[in-house]
Amino acid sequence: QLQLVESGGGLVQPGGSLRLSCAASGFTLDYFAIGWFRQAPGKEREGVSCISSGDGSTYYADSVKDRFTISRDNAKNTVYLQMNSLKPEDTAVYYCAADRLDYWDTVQAMCVMSLDFGSWGQGTQVTVSS
């Protein structure tokens with residue numbers, strides 16, 4: 001059974017950093033595109049960042065570009081989201097998701113439009129506040 005488990009969320013002051021982890025079990029992440037999404041109270045879900053299964057192509061929402069970095073460690077079957085220079089508006093529940101998608105154009109479009117990937121984690125809360 002495909003399972004994704006996020007960790008690394010918490011409370012951080014503005015300007016601080018967090019690294020989220022998304023550990024997969026029941027399948028090998030190598031062949032899956034991975035996305036990080038977030039949803040703040042009263043707001044729609046937003047595609048934050050996605051990474052392809054093949055050449056490691058990446059997408060970042062404008063709101064996080066140059067602050068967040070997505071990476072994957074296939075040996076550990078884990079994907080990371082390094083979040084720097086955090087702002088209060090980054091406060092949200094962060095979810096990772098995976099899908100077997102072969103074309104980067106499709107992955108990027110699904111990320112931009114925050115469409116449903118096939119498998120989702122339970123989410124981890126990130127709160128940025130002083």
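Two rings of Phe, Tyr or Trp (its six-membered ring) count as a pair if their centres lie within 6.5 Å, and planes over 60 degrees apart make the pair edge-to-face. Keep in mind that this is a predicted model.

**Exercise 1.** Classify the ring pair of Phe37 and Phe117, and say which cluster the two belong to.

*Solution.* Start with the total: the structure holds three aromatic pairs. In this one, the ring centres of Phe37 and Phe117 are 5.4 Å apart and the planes meet at 75 degrees, so we call it edge-to-face. Next, place the partners: Phe37 is in strand E4, while Phe117 is in the loop between helix H1 and strand E10, 80 residues apart. Finally, add Trp120, which forms one aromatic cluster with Phe37 and Phe117.

**Exercise 2.** Is Phe37 buried or exposed, and which residue lies over the face of its ring?

*Solution.* Buried means under 20% relative accessible area. Phe37 comes in at 0%, so it's buried. Over its face you'll find Arg45, at 5.6 Å from the ring centre.

**Exercise 3.** Work out how the disulfides are wired.

*Solution.* There are two of them. Take Cys22 and Cys96 to begin with: their sulfur atoms sit 2.0 Å apart. The S-S torsion is about 65 degrees, so this disulfide is right-handed. Cys22 is in strand E3 and Cys96 in strand E9, so the bond ties together parts 74 residues apart in sequence. Now Cys50 and Cys111, with sulfurs 2.1 Å apart: this link has 90 degrees about the S-S bond and is right-handed. Counting bonded cysteines along the chain then gives the pattern 1-3, 2-4.

Methods
Residues numbered from 1 in each chain as written. Predicted model: local features only at pLDDT ≥ 70, side-chain atom pairs only at ≥ 80, totals over all residues. Heavy atoms only, no water. Phe/Tyr/Trp six-rings, centres within 6.5 Å; stacked < 30°, edge-to-face > 60°. Helix = DSSP H or I, 4+ residues; strand = E, 2+ residues; numbered from the N terminus. Buried < 20%, exposed > 50% of the residue type's maximum accessible area, 1.4 Å probe, protein only. Lys NZ or Arg CZ within 6 Å of the ring centre and 35° of its normal. Disulfide = S-S within 2.5 Å.
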